[in-house]
Amino acid sequence: MLTFSSRNLSEDCTKVVPGHAVNLAAMEAATAVVRLQAFASVPAVELVDSDARIYLANTNTKLAVQNENGRLFAQHVPEAANTAMQQTPEEIVGFLTGEGATVNPLQQAEASEVMPAVPRKFRDLLKSPWTAGVLVVVAAVMAYFTFSPEVPAGIKMISDPARITNLHSAFSGRYGEAAQAGQTVLLIENGRFAVLTASEQGVPPEPLMDTSYGYGLRGEQVVLVVANGAVLERGKDGSMRFNDAVYPRLASPR
């Protein structure tokens, strides 16, 4: 017997219901598989910004399950400390019940099955206009992930180590409006791209995202390519630009 709960989903997990929560209840394995299958069938457009999740547990282990474009990703709770891996409904339930799973599929999954650490929410964040120096705050803390092998159209990535070192010197820094508490700042530092919330003096900034980036050429212009595919340009005034959003340079990384 498993325990089941969910958030932002209907009782049968067939549709998104913002704010609705199903509290912990005992559930047969076969019913859990049906609920997971229903969750996987929810249209992607309904899941945008919903943070819908299913939680399944046995006496020792609790898993959180998310739907990304029709694929289910399961991870051990606490979620912030564990990697989400793509699994089928049967594999998720089989792992918890011990039936049909001789190894932990969440540890044995191939790297290609790891859930992308920068979902659509951050892409939406970068596309948002910069108003009064405030970025829309992302909903979850992001983990570091390997730079995507897919290069945006029209861009040729730079691979020369000496040139990359010089570009690090030119691009590295903090970008945003005046770093007042509550505002969001971009940190670009030697291949690291982070989004931070400025906090009170003496309090370490809260990381909203921490990922990687590379340099590319769009024609003759050097651009910064974030691991989720977002492309930022450097303005003549030293600012970073993404579409209509402008992030003034504040300081060097240190």
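The following paragraphs describe a sheet and the nonpolar cores of a predicted model. Residues are numbered from 1 along each chain as its sequence is written, and side-chain values use heavy atoms, with hydrogens and water left out. Local features need pLDDT of at least 70 and side-chain atom pairs count only at pLDDT 80 or more, whereas totals for chains, interfaces and linings use all residues.

Six strands (DSSP runs of E, at least two residues, numbered from the N terminus) form an open antiparallel sheet in the order β2-β1-β3-β4-β5-β6, two strands being paired if DSSP finds at least two bridges between them. Because β2 and β6 (85-86) stand at the edges with a single partner strand each, one side of each is left without a neighbour in the sheet. The antiparallel pairing of β5 and β6 runs over two bridges, and F73 has Q86 in β6 as its bridge partner.

The largest nonpolar core (buried Ala, Val, Leu, Ile, Met, Phe, Trp, Tyr and Cys residues joined through side-chain atoms within 4.5 Å, where buried means under 20% relative accessible area with a 1.4 Å probe, protein chains only) holds 25 residues, of which L36, F39, I54, L56 and I92 touch the most other members. At least two residues of this core come from each of β1 (2-9), β2 (16-27), α1 (29-40), β3 (53-57), β4 (62-68), β5 (71-76) and α3 (89-97), helices being DSSP runs of H or I of at least four residues; α1 gives the most, with five residues. Another core, of 21 residues, lies apart from it and includes L208, V222, L224 and V226.

Contacts (heavy atoms within 4.5 Å) of I92, not counting residues up to four places away in sequence, are with L36, L56, L63, V65, L72, A74 and Q87.

Conventions:
Buried means under 20% relative accessible area, exposed over 50%, partly exposed in between (1.4 Å probe, protein chains only).
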